[in-house]
Amino acid sequence: MNIIEIKDLVIDYGIVRAVKGVNLNVKKGTIVALLGSNGAGKTSLIRSVSGATKVKSGEILFNGVDIKNIEPYKIAGMGVKQSPEGRMILNGLTVEENLLVGAYTVPKKRIPELLQSVYTYFPRLQERRKQQASTLSGGEQQMLSIGRALMGEPEVLLLDEPSLGLAPLIVKDIFEIIIKIRDAGKTILIVEQNALQTLKIADYAYILELGKIVSEGKGQDLVKDESLINAYLG
Ligand code: ATP
């Protein structure tokens with residue numbers, strides 16, 4: 001079953017057409033990656049799903065309902081949560097307070113269980129729960145950003161460049177946790193520059209170039225396609 005269906009999506013910034021009629025599907029319980037070079041339109045596309053970027057035309061169906069151009073907080077309330085590029089940690093708060101901010105839409109009695117599940121994915125956040133978020137390392141801040149999105153019990157988790165600026169070993173940790181989150185039944189749409197590593201964890205991937213999809217397929221198949229990787233992902 002497709003939890004997200006994007007049809008003929010067009011996004012313009014003034015006279016610049018950033019996304020030029022994209023069609024894509026995300027099956028429930030899978031990791032789907034959007035890859036491509038700088039300026040391909042990946043961020044525009046994922047931000048249109050969270051409502052942060054306005055769409056000119058087309059459809060974005062979430063469980064069959066068109067969520068195109070709906071306000072971001074309403075989309076989040078429906079179950080689509082973004083862990084944004086740049087992480088957006090609230091520096092004046094502790095780690096745990098940041099996590100609690102992510103739970104603002106869920107019933108209070110669910111919070112202890114959700115916190116425990118985030119701490120099971122990210123033991124480092126539990127160790128640092130009383131620490132000011134501003135003192136976390138880059139990798140820990142990324143974990144906090146994902147954890148905060150999970151506190152809202154999303155059906156779909158949107159990740160915009162979770163590996164950005166992180167050391168390879170931390171990227172490996174975070175990607176392993178993304179697999180665990182998928183295995184727990186969540187659906188993940190991920191934008192990444194780090195194409196090879198992402199293809200290894202993606203159930204399905206779309207390659208964008210200048211606002212159009214130029215290739216798509218299972219991650220494990222695309223990762224072996226040298227000419228594709230050299231042409232678009234090198
Ligand atoms: P990157 O990885 O560099 O962020 P991307 O694939 O995510 O690239 P987008 O950020 O979606 O690509 O950008 C797609 C195109 O839209 C680019 O040509 C970019 O310059 C343009 N663009 C993006 N945001 C804006 C904006 N706010 N105003 C004008 N043009 C924009």
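The following dialogue examines how several descriptions of this predicted model are justified.

Student: Which residues are placed around the ligand, and what makes a residue count as near the ligand?

Tutor: A residue is near when one of its heavy atoms lies within 4 Å of the ligand. The residues around the ligand are Tyr13, Ala18, Ser37, Asn38, Gly39, Ala40, Gly41, Lys42, Thr43, Ser44, Glu161 and Gln193.

Student: How do you know that Gly39, in particular, has a polar contact with the ligand?

Tutor: A backbone N or O atom of Gly39 lies 2.8 Å from a ligand oxygen atom. The cut-off for a polar contact is an N or O pair within 3.5 Å, so the pair qualifies.

Student: What are the corresponding distances for the side chains of Thr43 and Gln193?

Tutor: For Thr43, an N or O atom of the side chain is 2.7 Å from an oxygen atom of the ligand. For Gln193, the side-chain N or O atom is 2.8 Å from a ligand oxygen. Taken alone, the ligand exposes 630 Å², and the protein buries 59% of that area.

Student: Which element gives the most to the shell around the ligand, and how does the shell divide by residue type?

Tutor: Helix 1, residues 42-50, gives the most, with three residues. By type, the shell holds three nonpolar, seven polar and two charged residues.

Student: Why is helix 1 called mostly covered?

Tutor: Seven of the nine residues of helix 1 are buried. They are Lys42, Ser44, Leu45, Ile46, Ser48, Val49 and Ser50. Each of these is called buried because its relative accessible area is under 20%. After helix 1 comes Gly51, with a positive phi near 90°.

Student: Why is Val16 called partly exposed?

Tutor: Val16 has 48% relative accessibility, and partly exposed covers the range between 20% and 50%, so Val16 belongs to that class. Val16 is found in strand 2, residues 16-27. Together with Tyr13 and Ile15, Val16 forms a nonpolar surface patch of about 370 Å² accessible area.

Student: What makes Lys7 and Glu5 a salt bridge?

Tutor: Their closest N and O atoms are 3.6 Å apart. The limit is 4 Å between a side-chain nitrogen of Lys or Arg and a carboxyl oxygen of Asp or Glu, so the pair is counted. Side chains of opposite charge can pair when their charged atoms come close. Lys7, at 34% relative accessible area, is partly exposed, and so is Glu5, at 23%. The structure holds 14 salt bridges.

Student: How do you know that the salt bridge of Arg129 and Glu96 ties together separate parts of the chain?

Tutor: The two side chains meet at 2.8 Å, N to O. Arg129 lies in the loop between helix 5 (123-127) and helix 6 (138-151), whereas Glu96 lies in helix 3 (residues 95-101), so the pair links parts that are 33 residues apart in sequence.

Student: Are Arg129 and Glu96 buried or partly exposed?

Tutor: Arg129 has 30% relative accessibility and is therefore partly exposed. Glu96 has 17%, which is under the 20% limit, so Glu96 is buried.

Student: What does the salt bridge between Arg124 and Glu140 tie together?

Tutor: The side chains of Arg124 and Glu140 meet at 3.1 Å, N to O. Arg124 lies in helix 5 and Glu140 in helix 6, so the pair ties together parts that are 16 residues apart in sequence. Arg124 is partly exposed at 28%, while Glu140 is buried at 6%. Salt bridges that share partners join Arg124, Glu127, Arg128 and Glu140 into one network.

Student: What makes the phi values of Asp8 and Leu210 notable?

Tutor: Most residues other than glycine have a negative phi. The phi of Asp8 is positive, near 50°, and the phi of Leu210 is also positive, near 45°. Asp8 lies in strand 1, residues 2-13, whereas Leu210 is found in the loop between strand 9 (204-209) and strand 10 (212-217).

Student: Why is Leu210 called exposed, and Asp8 called partly exposed?

Tutor: Leu210 has a relative accessible area of 58%, which is over 50%, so Leu210 is exposed. Asp8 has 49%, which lies between 20% and 50%, so Asp8 is partly exposed.

How values were computed. Residues are numbered from 1 along each chain as its sequence is written. This is a predicted model: local features need pLDDT of at least 70, side-chain atom pairs count only at pLDDT 80 or more; totals for chains, interfaces and linings use all residues. Side-chain values use heavy atoms; hydrogens and water are left out. A polar contact is a pair of N or O atoms within 3.5 Å; within protein, one must be able to donate a hydrogen and the other to accept it, and residues adjacent in sequence count only if both atoms are side-chain atoms. Accessible areas come from the Shrake-Rupley method with a 1.4 Å probe; for residues, only the protein chains shown count as cover. Helices (H or I, at least four residues) and strands (E, at least two) are DSSP runs, numbered from the N terminus. Ala, Val, Leu, Ile, Met, Phe, Trp, Tyr, Cys and Pro count as nonpolar, Asp, Glu, Lys and Arg as charged, and the others, Gly among them, as polar. Patches are made of residues with over 30% relative accessible area and no salt bridge: like charges are joined within 9 Å, nonpolar side chains (Val, Leu, Ile, Met, Phe, Trp, Tyr) within 5 Å. Buried means under 20% relative accessible area, exposed over 50%, partly exposed in between (1.4 Å probe, protein chains only).
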